[in-house]
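User: Please examine one part of the model shown below in detail, and then set that part in its surroundings. A formal account with explicit cut-offs would be appreciated.

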Amino acid sequence: MTDEATARIDAAVKGSDVLLFMKGTPLFPQCGFSSRAIAILERLGVEYQTVDVLQDQGVRQGIKAYSDWPTIPQLYVKGEFVGGSDIMMEMYESGELGQLMQEQGVAASAG
Amino acid sequence: MAMAADDIVALIRAAIPDAHVEITDLAGDGDHYAARVVSESFRGTSRIAQHRRVTQALGGRMGGELHALQLTTALP
């Protein structure tokens, strides 16, 4: 992993309240797990940003080392790694993810 | 590339001996699995820590050889 990619990842993570590293875009997810993660964020109705790792090989590899997590998508809230799509789903179903967003004071989406 | 369900179970149980592992082949193609791993040793640890133990048991195969493993961890 290059330091440059790490710096970009770090800036992105710290620059957004809710950030999802994913394959593809919210409108065109390129993987079922990324698609599921987007569906959860949409259901929660929070403002979020995404990074398409398919557009950047440095970020695609670097994010795995950054979080010590081997798969994508990856969700970050207020700079903290929350988990991948399976953990997101479990936390969504139990109400913990909505609670976390509230506790962290994450803004609701405009739409 | 694909992995046999039995190999996934064996790898997880080698690292987490008390684990009860259920594997579902989601697409019937030996490449898209769901795993449910239940272990007393998960008690008191975070979900992230539990998932990390399973992915470490799989020794770098996740996200590579094993593209799609939907993972759930739980206490007995």
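In which sense, parallel or antiparallel, do strand β1 (residues 18–22) of chain A and strand β2 (residues 49–52) of chain A pair, and over how many bridges?

Analyst: The two strands pair in the parallel sense, over 4 bridges. The model is predicted: local features need pLDDT of at least 70, side-chain atom pairs count only at pLDDT 80 or more, and totals for chains, interfaces and linings use all residues. Residues are numbered from 1 along each chain as its sequence is written, while chains are lettered from A and ligands numbered from 1 in the order in which they are written.

Helices (H or I, at least four residues) and strands (E, at least two) are DSSP runs numbered from the N terminus, and two strands pair if DSSP finds at least two bridges between them. Within the pair in question, Leu20(A) has Thr50(A) of β2(A) as its bridge partner. Together with helix α2 (residues 32–44) of chain A, β1(A) and β2(A) make a right-handed β-α-β unit. Right-handed here describes a crossover whose path, from the first strand over the helix to the second, runs clockwise when the strands point away from the viewer.

The helix of this unit can be checked against its expected span, which is 1.5 Å times one less than its number of residues. The 13 residues of α2(A) should span 18 Å, and the end C-alpha atoms are 19 Å apart, which agrees. Burial is assessed from C-beta atoms placed from the backbone: a residue is buried if 20 or more other C-beta atoms lie within 10 Å of its own, exposed if 12 or fewer, and partly exposed in between. By that criterion, Phe33(A), Ser34(A), Ala37(A), Ile38(A), Ile40(A) and Leu41(A) of α2(A) are buried. These residues lie on the same side of α2(A) because they cover an arc of only 160° around the axis; the arc is that of the directions from the helix axis to the C-beta atoms. The buried residues pack against β1, β3 (74–77) and α4 (85–94) of chain A, where contact requires the C-beta atoms of two residues, placed from the backbone, to lie within 7 Å. After α2(A) comes Gly45(A), with a positive phi near 65°.

Helix α3 (residues 57–67) of chain A may be described in similar terms. Its buried residues are Val59(A), Gly62(A), Ile63(A) and Ser67(A). Their arc around the axis is only 110°, so they are on the same side of α3(A). The cover over these buried residues includes α1 (3–15), β1, β2, β3 and β4 of chain A, and thus both strands of the parallel pair. Just after α3(A) stands Asp68(A), with a positive phi of about 50°, a value found here in a residue other than glycine. Asp68(A) belongs to the loop between α3 and β3 of chain A, and it is exposed because 11 other C-beta atoms lie within 10 Å. The loop between α3 and β3 of chain A also contains Pro73(A), which a cis peptide bond with omega of about 15° joins to Ile72(A).

In the loop between β3 and β4 of chain A lies Lys78(A). Lys78(A) is not a glycine, yet its phi is positive, at about 50°; with 17 C-beta neighbours inside 10 Å, it counts as partly exposed.

Helix α4(A), against which α2(A) packs, leads to the second chain. Ser85(A), Asp86(A), Ile87(A) and Met88(A) of α4(A) are buried. Their cover includes α2, β3, β4 (80–83) and α5 (96–103) of chain A, together with α2 and β3 of chain B. Gly95(A), just after α4(A), takes a positive phi of about 90°.

Across the interface as a whole, 9 residues of chain B are in contact with 6 residues of chain A. On the chain B side, α2 (47–57) and β3 (68–74) are the elements that give two or more residues, and α2(B) gives the most, with 4 residues. That side divides into 3 nonpolar, 5 polar and 1 charged residues. Ala, Val, Leu, Ile, Met, Phe, Trp, Tyr, Cys and Pro count as nonpolar, Asp, Glu, Lys and Arg as charged, and the others, Gly among them, as polar.

For contrast with the parallel pair of chain A, strand β1 (residues 20–25) of chain B and strand β2 (residues 32–38) of chain B pair in the antiparallel sense over 6 bridges.
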